[in-house]
Amino acid sequence: MFNGATVHGIAGIRGLRHPAEIPLLIAAVVTTALGYIGWFGLVTWLVTVPEPTGLSAEIREQILGGGTISEAILAIPLIPLLVWIIRALTYAQLRASSVQMSPAQFPEGYRMVVEAAREFGLRRVPDAYVVLGNGQINAFASGHGFRRFVAVYSDLFEIGGQARDPEALRFIIGHEVGHLAAGHVSYFRLILSQLVGYVPFLGQALSRAQEYTADNHGYANAPQGVPGAMGVLSGGKYLGAEVNTHALADRATREKGFWLHMTNWLSSHPINTWRAHALRDRSRPGRIMIRPPESTAWFPPSAPTGYQRSGSWPTPEQMLSVLDSTTTSVPSEEQFGRYPGVSYKIPRNELRWASPVPVKAEPGERTSFEDGQSAPSATGPMQPEPYGHSPSAGQEEGLIGGSNTAPFDPPDPESAHSGA
């Protein structure tokens, strides 16, 4: 009920928790407490002053006259019961119609769940299900009573198949199990922070901090799965392996402007570019409100940004000359996810983190580039551990998202916590 399901207790694994999460959670609890106090005071006033006059009479008439305000007042004391019922129905639906991972069904995926549970200190292995996706890319974690469970949509589960990227699936599962380990699906946590969703920006900021915490768990569980996970989130399950994650991360520093920030502020998940940047640079927490500075980009831009004036954008002839220079060095079918004008020796399906680090060329030969090497950076190469956390410590929480309707959103905000 209070996240006592892990050996780390209520606090979870502190080294994996985003530093903004607990302050935002405290603000959410205070907001909810004030909401209940206000409700209690309002009800007391309605009972003790049955026939007010003047402005008070008009307010009383609006409250008791039906409509949105009346419904909200009636619903507030029912929130604990409604959350309990929704969580119970969600769990029952999975048990009734989904494929349960086990040693007999999807044992490879189930092993990932078990290993993540052990890594993050869970005392019991959570239930795990594969849900019919029908094209949707989604996953979530939730609970009911003392039970905990994760669900991965079938279209997302496919990326872990033999022909694709098992490490990406391991990252996703680590993200979801991390939500459980960090206490994000605790019943009382949901009750105590429920009303914050009605406060502009505050509820979304708390959700983004929790997603960064979940990403830290996913990274600690499967750092090699980051490119595949971000690729499928931004490019889909078929093109995800061709997404240049470095280019995606660098755009977090260059795409600027009020409306871009507003898109992030209104989202329950960090936008994809900011998320990729946080997963690449493990020296600092992911950004909640303000974009990363441009000094943290690793490579020069390969295309203009939407923030620049359109007059600075290249003409078709200028860009065609760049594309033609790429075509001469790389076959057209091998260009996806690559930097223009750069020759790569690796096949397209092994791209992942495509770092254009020079490989020493023979005299008269064009310099080529290979995958799997850390790019030069002011912040240094990728580190194998999350910030502020040693490789031997336990891990926590979940994965992915993007916009207000981002992938990996739970079926209902009260019933589940998104993982991806």
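Guide: Two rings of Phe, Tyr or Trp (for Trp, the six-membered ring) make a pair if their centres lie within 6.5 Å. By that rule, this predicted model holds 7 aromatic pairs.

Visitor: What makes the pair of Tyr187 and Phe188 edge-to-face?

Guide: The label edge-to-face needs planes over 60 degrees apart. Tyr187 and Phe188 have 75 degrees between their planes, with 5.4 Å from centre to centre. That angle is over the cut-off, so edge-to-face is the label for this pair.

Visitor: How do you know whether Tyr187 is buried or exposed?

Guide: Buried means under 20% relative accessible area. Tyr187 comes in at 10%, so it is buried. Its partner Phe188 has 31%, which lies between the 20% and 50% cut-offs, so Phe188 is called partly exposed.

Visitor: How do you know which kind of pair Phe201 and Trp265 form?

Guide: Same recipe: their ring centres are 6.2 Å apart, which is within 6.5 Å, so they pair. The planes stand at 80 degrees, and that is over 60, so this pair is edge-to-face too.

Visitor: Why can you say that this pair ties parts together?

Guide: Phe201 sits in the loop between helix 8 (187-192) and helix 9, while Trp265 belongs to helix 12 (residues 258-265), so the pair links parts that are 64 residues apart in sequence. As for cover, Trp265 has 16% relative accessibility and is buried, whereas Phe201, at 33%, is partly exposed. Phe201 and Trp265 also share one aromatic cluster with Phe258 and Trp259.

Visitor: Why is Arg280 said to sit over the ring of Trp298?

Guide: For Arg, CZ has to be within 6 Å of the ring centre and within 35 degrees of the ring normal. The charged end of Arg280 is 4.2 Å from the centre of the Trp298 ring, so the distance test is passed, and the pair is listed as a charge over a ring. Arg95 gets the corresponding description over the face of Tyr91, at 5.1 Å from the ring centre.

Visitor: What makes helix 13 mostly covered?

Guide: The count does: 9 of its 9 residues, 272-280, are buried. Among them are Trp274, His277 and Leu279, and also the charged-end residue from before, Arg280. The cover includes helix 7, helix 9, helix 10 (226-239), helix 11 (245-254) and helix 12.

Visitor: How do you know that the buried residues of helix 5 line one face?

Guide: Start with which ones they are: Gly109, Met112, Val113, Ala116 and Ala117. Looking down the helix axis, these residues fall within an arc of 130 degrees, so they line one face. The face turned away from that side carries Glu108, Arg111 and Arg118, which are exposed. The buried residues pack against strand 2 (127-131), helix 6 (154-157), helix 7 (166-181) and helix 9 (202-221).

Visitor: What makes the span of helix 5 close to the expected one?

Guide: Helix 5 covers residues 107-119, which is 13 residues, and at 1.5 Å a residue the expected reach is 18 Å. The reach from its first C-alpha to its last is 18 Å. Just after the helix, Gly121 takes a positive phi of about 85 degrees.

Visitor: Why does Phe106 get a remark about its phi?

Guide: Phe106 has a positive phi of about 50 degrees although it is not a glycine. Phe106 lies in the loop between strand 1 (99-100) and helix 5, and at 35% relative accessible area it is partly exposed. Asn134 also has a positive phi of about 50 degrees without being a glycine. Its place is the loop between strand 2 and strand 3 (139-144). At 65%, which is over 50%, Asn134 counts as exposed.

Visitor: What makes a set of residues a nonpolar core?

Guide: The members must be buried nonpolar residues joined through side-chain atoms within 4.5 Å. The largest such core here has 37 residues, and Val152, Leu156 and Val177 touch the most other members. Helix 7 gives the largest share, 8 residues. A second, separate core has 14 residues, including Leu206 and Trp274.

Technical notes
Residues numbered from 1 in each chain as written. Predicted model: local features only at pLDDT ≥ 70, side-chain atom pairs only at ≥ 80, totals over all residues. Heavy atoms only, no water. Helix = DSSP H or I, 4+ residues; strand = E, 2+ residues; numbered from the N terminus. Expected span 1.5 Å × (residues − 1). Buried < 20%, exposed > 50% of the residue type's maximum accessible area, 1.4 Å probe, protein only. Arc of directions from axis to C-beta. Contact = heavy atoms within 4.5 Å. Phe/Tyr/Trp six-rings, centres within 6.5 Å; stacked < 30°, edge-to-face > 60°.
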